[in-house]
Amino acid sequence: MCGITGYAGGGNAAEQVFEGLKRLEYRGYDSAGMAIIKPSGEVSVVKKQGKVDVLKPYVADMRGAIGMGHTRWATHGKPSDINAHPHFAGGIYVVHNGIIENYAELRQQLQSAGETFISETDSEVIAHLIKLNYGGNLLVALRTTVKMLKGSYALMVIREGEPQIAVAKRRSSLILGYGDGENFCASDRPALAGKCKRVSILEDGDFALITAQKIEIFDENLNPVNRPKIENTLTSEKLDLHGCPHYMLKELREVPQTVKNTYSSFAGIGEKLKEVFKGTKRVIFLGCGTAYHAGLIGKKYFEAFARVPAEAENAGEFRYKNPVITKGTVVFAVTQSGETADTIEAVILAKSLGAKVIAVTNVIHSAISRHADIVVPVSAGAEICVAATKSYAGQIAALYLCALTFAGKDASSKEYKQLDALCPVLENTLKEINVYTLAHMCACSNGVYFLGRGFDYAVALEGSLKLKEVSYIAGEGYPAGELKHGTLALIDGNTVSVVLITDEELASKSVSAVEQVLSRGGKVAVITCLPAVAKALKNKAEVISLPGCNKFLSPLVTAIAVQELAYRTAVILGRDPDKPRNLAKSVTVE
Ligand code: F6R
């Protein structure tokens, strides 16, 4: 949340920074700004409310070889030109991703010392502190400053007349990129895609100095330190929309490849995973939003395949409930970005109480990985749309394979093969699916309820979240059996109930829920892979028929349907599904 990027080199820094910000826009898009060091040593600044494109008219006039920028998701202070970064004081310019928890007291102290503030942000205190702490060495001033800060930060700082960028990191990610006669820094990999061959990931407490010629990394005591240089495999081609109007659609279409890649990458970790599982008596899945919904499915896999007690919990809730961690507890941290603050803090707590930790993440070298006994890769590739699509599928596939491994099944088992065989089914589902009529029904409704039992209930929750997130239509996901315990009161002719029915054993119960809604005058759509259900309901409800598959893998198929529905509804309503209002990807604040 919030994207920052910096450039030092022979090229035009403003163009590089602008391009980097465009690629980081998924991290926040309520305001943006840049600071560029002119050849004279002075710094030119532009900062504006709005998406990154608001900076475009200024790029050509901002000449200079070193610069940095910020795209914001507001935490302290509303989106506005003034609250946009960079913040500055006395020739010091700062862009910040994170939260300064003690900013109010620091601000008061600084005001008492005569400093004048112009924004409402927490970040502005950093510029004032560095200004006052500066005694001839920017890095030393930065270190003195961060020692006074409580909270999280990825910081980039420039000073008038100094051709370098100083950076510091704690609990917010920061990546450095080694180019040819130019160097880069950014919150996340997409900004560096295709720009450099190697990258280093900074650790908590690290500092770095970046110039066109070199990158120097220092530990918390400012001693030089080496961080591994890893290959930058992300190319700009991978960030292309490939003719799709939105990333959400493009990424939805990448679901089969994600499942295939997640399946292949799992082969490398099976043995180590068995070691981690030794002595396991209980499994807890932690995650937020969509990742939590994947955890709900993981829980069902472990219960069904291994008959081991399993729970799934929202990571933000887990952290504050004084959790009971018994001997032999394994915690799965499910997180696409590996950066979600609630999930990281929950994992740190679980670990301190003696749990083993398995991170299921799309970003192998992310913050969560440092707290994990093992990382299970979700091989979705870069996910740019704020709404998770393909990463959810990758998480489900990874958890399915983890559960099979726990249950002692290997690649020769029929369950393994069933996942491998599912990819063509997913491809067909994407090709054949038609949710246009249903999307129009949803777009015209006052509320959309998603209902299901078992695996269908877990996907119902995800369907509801996705529709709310990208179309702004209110609704909820419910267990189909719960309907009669309260929700039926909401049903009228202006509501749509989307009922998922994939499990033959539970089908008749879910069909009863359909009848209950119909008899209260509600509109109903049924998403099913059971031909008999489709036939029975085709004259009463809008029916979306999906290919048949076993119930354990059905979430991968039904997820495509509900995500496609959310996408189409958003487009009908003229929303931007890639950048829903008020949101950002990678939620690095609690
Ligand atoms: C919804 C969505 C969010 C994320 C949640 C956790 O479409 O994307 O609900 O799933 O913010 O993010 P990660 O998986 O990065 O921990």
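**View 1. The ligand sits in the second largest pocket of this predicted model.** A pocket is found on a 1 Å grid over the protein atoms alone, as an open set of points with protein on both sides within 12 Å along at least five of seven lines. A molecule sits in a pocket if more than half of its atoms lie within 2 Å of its grid points. Two elements give two or more residues to the shell around the ligand: α9 (289-306) and α15 (455-471). Helices (H or I, at least four residues) and strands (E, at least two) are DSSP runs, numbered from the N terminus. This is a predicted model, in which local features need pLDDT of at least 70 and side-chain atom pairs count only at pLDDT 80 or more, while totals for chains, interfaces and linings use all residues. Residues are numbered from 1 along each chain as its sequence is written, and side-chain values use heavy atoms, with hydrogens and water left out.

**View 2. Meet the 15 residues that surround the ligand.** The closest are T335, Q336, S337, T340 and E469; a residue counts as near if one of its heavy atoms lies within 4 Å of the ligand. By class, the shell has seven nonpolar, six polar and two charged residues. Here Ala, Val, Leu, Ile, Met, Phe, Trp, Tyr, Cys and Pro count as nonpolar, Asp, Glu, Lys and Arg as charged, and the others, Gly among them, as polar.

**View 3. Oxygen atoms of the ligand meet Q336, S337 and T340.** Look for polar contacts, which are pairs of N or O atoms within 3.5 Å. A polar backbone atom of Q336 is 2.7 Å from a ligand oxygen. In the side chain of S337, an N or O atom is 2.6 Å from an oxygen of the ligand; for the side chain of T340, the distance is 2.4 Å. Taken alone the ligand exposes 410 Å², and the protein buries 87% of that (Shrake-Rupley method, 1.4 Å probe).

**View 4. Eight strands form an open, antiparallel sheet.** Follow the order β3-β2-β4-β1-β10-β9-β11-β14. At the edges, β3 (43-49) and β14 (230-231) each pair on one side only; two strands pair if DSSP finds at least two bridges between them. Strand β11 (residues 198-201) is joined to β14 by two bridges, and R198 has E231 as its bridge partner in β14.

**View 5. β12 and β13 make a hairpin with four residues between them.** Four bridges join these antiparallel strands, β12 (residues 207-210) and β13 (residues 215-218). Find A208, which stands opposite I217 in β13.

Conventions. Polar contact = N/O pair within 3.5 Å; in protein donor to acceptor, adjacent residues only side chain to side chain. 1 Å grid on protein atoms, 1.4 Å probe; cavity = no way out; pocket = protein on both sides within 12 Å on 5 of 7 lines; lining within 4 Å.
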